[in-house]
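Here is a quick tour for someone meeting this protein for the first time. Have a look at the structure, and then we'll start with one residue and work outward.

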Amino acid sequence: TASHSAEAATVGPLVDGLHNQCLLAYSYLPITVQLDDSSPPLFASSWVVPPLLGFAYIVLGYILPQTVDFVLPKPEKNGIGSTGDSARVDSSSLAVLAALAVSSTALIIKLSEFLTTHDAIDIAGQSITLDGQTSLGIMALADVVQWLALDRSLVSLIVAAITAVGGPLSELPFVANNLWHYLPQSSDYLPLSGVTQGELIEHFAKMILGEDFRSIALSSITGPCYFAVTLDAIALG
């Protein structure tokens, strides 16, 4: 998994940085590429991202798929997330699948930027408002198309779905400690706002995230992005 981590630490930040400039701002060790001081960033990341993604890709591309594959019954499998098939697929085919997974993930990440920065789109003369639900629906459809085109394994679908929910939540400690924060136009998801006083989760949330944990805001559109990144991580494995 060392090569897996190295690939993730280089490819991952490049793909991730395609939409960061419209979603969040890094407060710690930022990396910003822009034409001049007055223009919006072309690329935004942080030096903390490569090691984080290196670890995340090992978990998403190796540990979780292996765990899910172990737990599930063993029907016939034929996707890139099926550990039993990997040995029967030649290395050149796996390399092509990995390249397609990375490029399609980059397109989905770029789609999230478009949906975040536009209020509406015109299709066949009809204007469609890009509210949160519509954008999530479009992103989810893109995820399904990617999975059908490149994988189709139950293991990958389960792992990617889990990560689509858990991935954004894993950012809570980093946002709480101000490593990065989501911009006002994208921070539409407050996952802990409904925690009531006296619940056990409130005690742990305060201990880990601070007294203001209910106001920690994320972006809902990152969930589908995590789904695509997970397929990317599995393909690179």
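Let's begin with Leu 29, which counts as partly exposed at 40% relative accessibility. You'll find Leu 29 in the loop between E1 and strand E2 (30–33). Keep in mind that this is a predicted model. Which residues does Leu 29 touch, not counting those up to four places away in sequence? They are Ser 45, Ser 46, Trp 47 and Val 48. Take Ser 45: Leu 29 and Ser 45 are 16 residues apart in sequence, yet C-alpha to C-alpha they sit 8.7 Å apart in space.

Now for the overall picture. The protein chain is built with 9 helices and 6 strands. Of its 237 residues, 41% are buried. If you take the contacts between residues at least 6 apart in sequence, 71% of them join residues at least 24 apart. On the outside, the chain exposes about 12500 Å², and 65% of that comes from carbon and sulfur atoms.

Next, the inside. The largest nonpolar core has 40 residues, and Trp 180, Tyr 182 and Phe 213 are the ones with the most contacts inside it. Helix H4 (residues 91–117) gives this core its largest share, 7 residues. Apart from this core lies another one, of 5 residues, including Ala 160, Ala 164, Phe 227 and Leu 231.

Tyr 182 is worth a closer look. Leaving aside neighbours within four places in sequence, Tyr 182 is in contact with Leu 23, Leu 24, Glu 171, Val 175, Ser 187, Ala 217, Leu 218, Ser 219 and Thr 222.

Helix H4 is also home to Ser 104. Is Ser 104 buried or exposed? Ser 104 counts as buried, because its relative accessibility is 17% and the cut-off for buried is under 20%. Once neighbours within four places in sequence are set aside, Ser 104 is in contact with Gln 146 and Leu 150.

Then there's the pocket. The largest one has a volume of about 680 Å³. It is lined by 31 residues, and those closest to its centre are Leu 53, Ala 56, Ser 170, Glu 171 and Tyr 226. Which elements give two or more residues to this lining? They are helix H1 (2–23), strand E1 (24–26), helix H2 (49–71), helix H6 (154–170), strand E6 (180–182) and helix H9 (222–236). H2 supplies the largest share of the lining, with 9 residues. Sorted by kind, the lining residues come out as 21 nonpolar, 8 polar and 2 charged.

Finally, a word on the backbone. Most residues other than glycine have a negative phi. Here are two residues with positive values, side by side:

| Residue | Phi | Loop | Relative accessibility |
|---|---|---|---|
| Arg 152 | near 70° | between helix H5 (132–150) and H6 | 56%, exposed |
| Asn 178 | near 65° | between helix H7 (172–176) and E6 | 44%, partly exposed |

Why does Arg 152 count as exposed? Its relative accessible area is 56%, and exposed means over 50%. Asn 178, at 44%, counts as partly exposed.

Note on methods: Residues are numbered from 1 along each chain as its sequence is written. This is a predicted model: local features need pLDDT of at least 70, side-chain atom pairs count only at pLDDT 80 or more; totals for chains, interfaces and linings use all residues. Side-chain values use heavy atoms; hydrogens and water are left out. Helices (H or I, at least four residues) and strands (E, at least two) are DSSP runs, numbered from the N terminus. Buried means under 20% relative accessible area, exposed over 50%, partly exposed in between (1.4 Å probe, protein chains only). Contact means heavy atoms within 4.5 Å. Accessible areas come from the Shrake-Rupley method with a 1.4 Å probe; for residues, only the protein chains shown count as cover. On a 1 Å grid over the protein atoms alone, a cavity is a set of points where a 1.4 Å probe fits but cannot get out, and a pocket is an open set with protein on both sides within 12 Å along at least five of seven lines; lining residues have an atom within 4 Å of a point. Grid points are joined across faces, edges and corners, and a volume is the space filled by probe spheres set on the points. Ala, Val, Leu, Ile, Met, Phe, Trp, Tyr, Cys and Pro count as nonpolar, Asp, Glu, Lys and Arg as charged, and the others, Gly among them, as polar. A nonpolar core is a set of buried Ala, Val, Leu, Ile, Met, Phe, Trp, Tyr and Cys residues joined through side-chain atoms within 4.5 Å.
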